[in-house]
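Colleague: I'm new to this one. Could you show it to me and let me ask how you know what you say about it?

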Amino acid sequence: MSIKTYTSSNGVTVVEDLRKFDKWLKALQKAVDKNVLSVGILQPEASIVYKSGATMGQIAEWNEFGVPRDSGTRIPARPFMRQTFRKKKNIDIAIKGMSVKGSKAMSNPSRIPRILLSVAGKALAAEMKLTIKDWETPKNAESTIRKKGKDDPLVETGLMMNSVRYEVKKRGT
C-alpha cells in the first residue's frame, strides 16, 4: 500500500494515501498479538468432577482424541473441537461478526482487539456447542446406549456442551 493515484477517463485525478491506514493496521496487529483467544472447556469448568471421578476436562479430551482399547475402555475419537475450528463456515461467521463489531468500535481503538477476539470467541463457542449437540458418528456402543437411554455420542447430561465458553486474555497471563 502507500500512495496510489487514479485518473478517470474525463481527467479527474484521485490520490489515495494509505500510509496512515498501513500504520493503523500494523498497530492493530500488534495489539491483537498481545491477546489470546481460548475456546472450549476451560477452567474452572474443566475441573468439575463427574460421578465416575473423571473431570470434565478429561471427558472432553477422551472424546476429542479417543481412548485406545488396551486401556480397558475404548472410546472412539469424536473431535468436536478440531471439527469446529476446521469448518470454513465457522471462520466466516467469526470474521463477519468481527467486521460488524469492529466498525462500531472505531471510536475507541484501544478496545478493538479484545472486541474482535470476543466476537470471534462467542461465534466459535456457539458453533462448538452445535457440533457437540449434532454429533452422530461414531455411534455409541450398545452398552452405552442402554446406560444413557439414547444414542447421542457427545451428550449424556448436557453438562459438557453447556460448559463450552471462550475467554480473551492478555498473552502471558
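Modeller: Sure, here is a question-and-answer walk through the chain, and keep in mind that the model is predicted.

Colleague: Let's start with the overall layout. What makes up the secondary structure?

Modeller: There are seven helices and four strands. Going along the sequence, they come in the pattern β-β-α-β-α-α-α-α-α-α-β. The chain has 173 residues, and buried ones make up 32% of them.

Colleague: How do you know how much of the contact in the chain comes from residues 24 or more positions apart?

Modeller: Take the contacts in the chain with a separation of 6 or more; residues 24 or more positions apart account for 54% of those. One pair that sits far apart in sequence is Ile112 and Leu28: they are 84 residues apart along the chain, but their C-alpha atoms are separated by 7.9 Å.

Colleague: Why is Ile112 called buried?

Modeller: Its relative accessible area is 3%, and buried means under 20%, so Ile112 makes the cut. You'll find Ile112 in helix H5, which covers residues 112-134.

Colleague: What about helix H2: which of its residues are buried?

Modeller: In H2, residues 56-65, they are Met56, Ile59, Ala60, Asn63 and Glu64.

Colleague: And how do you know that they are on the same side of H2?

Modeller: Around the axis they cover an arc of only 130 degrees, which puts them on the same side of H2. The general background is that an α-helix has 3.6 residues a turn, so residues three or four places apart point the same way. Among the elements covering the buried residues of H2 are helix H3 (80-86) and helix H7 (159-162). Right after H2 comes Gly66, with a positive phi near 85 degrees.

Colleague: Now the charged pairs. What makes Glu45 and Arg165 a salt bridge?

Modeller: The N to O distance between their side chains is 2.9 Å, and the cut-off is within 4 Å, so the pair qualifies. The two residues come from distant parts of the chain, 120 residues apart: Glu45 is in the loop between strand S3 (35-40) and H2, while Arg165 is in strand S4 (residues 165-170). By this rule the count comes to five salt bridges.

Colleague: Is Arg165 buried or partly exposed?

Modeller: Partly exposed: its relative accessible area is 22%, and that class lies between 20% and 50%.

Colleague: What links Glu167 to Arg165?

Modeller: Another salt bridge, with 3.5 Å from N to O. Through shared partners, salt bridges join Glu45, Arg165, Glu167 and Lys169 into one network. Glu167 is partly exposed too, with a relative accessible area of 22%.

Colleague: How do you know that Asp134 and Lys133 meet in a salt bridge?

Modeller: Their side chains are 3.4 Å apart, N to O, and the limit is 4 Å, so they count. Asp134 has 46% relative accessibility, and Lys133 has 46% as well. Exposed means over 50%, so Asp134 and Lys133 both stay partly exposed.

Colleague: Let's turn to the largest pocket. How much space lies in it?

Modeller: About 850 Å³. It is lined by 28 residues, and the closest to its centre are Ile59, Thr144, Lys147, Lys148 and Glu156. H2, helix H6 (142-148) and H7 are the elements that give two or more residues to the lining, and H6 gives the most, with four. By class, the lining has 13 nonpolar, eight polar and seven charged residues.

Colleague: Why is Thr144 called partly exposed?

Modeller: Thr144 has a relative accessible area of 28%; buried would need under 20% and exposed over 50%, so it falls in between. Thr144 is in helix H6. From Thr144 to Glu156 is twelve residues in sequence and 9.9 Å in space, C-alpha to C-alpha.

Colleague: Last thing: which peptide bond in the loop between S3 and H2 is cis?

Modeller: The one joining Gln43 and Pro44, where omega is about 5 degrees. Pro44 lies in that loop between S3 and H2. Another cis bond runs from Thr137 to Pro138, with omega near -5 degrees, and Pro138 is in the loop between H5 and H6.

Notes:
Residues are numbered from 1 along each chain as its sequence is written. This is a predicted model: local features need pLDDT of at least 70, side-chain atom pairs count only at pLDDT 80 or more; totals for chains, interfaces and linings use all residues. Side-chain values use heavy atoms; hydrogens and water are left out. Buried means under 20% relative accessible area, exposed over 50%, partly exposed in between (1.4 Å probe, protein chains only). The arc is that of the directions from the helix axis to the C-beta atoms. Contact means heavy atoms within 4.5 Å. On a 1 Å grid over the protein atoms alone, a cavity is a set of points where a 1.4 Å probe fits but cannot get out, and a pocket is an open set with protein on both sides within 12 Å along at least five of seven lines; lining residues have an atom within 4 Å of a point. Grid points are joined across faces, edges and corners, and a volume is the space filled by probe spheres set on the points. Ala, Val, Leu, Ile, Met, Phe, Trp, Tyr, Cys and Pro count as nonpolar, Asp, Glu, Lys and Arg as charged, and the others, Gly among them, as polar.
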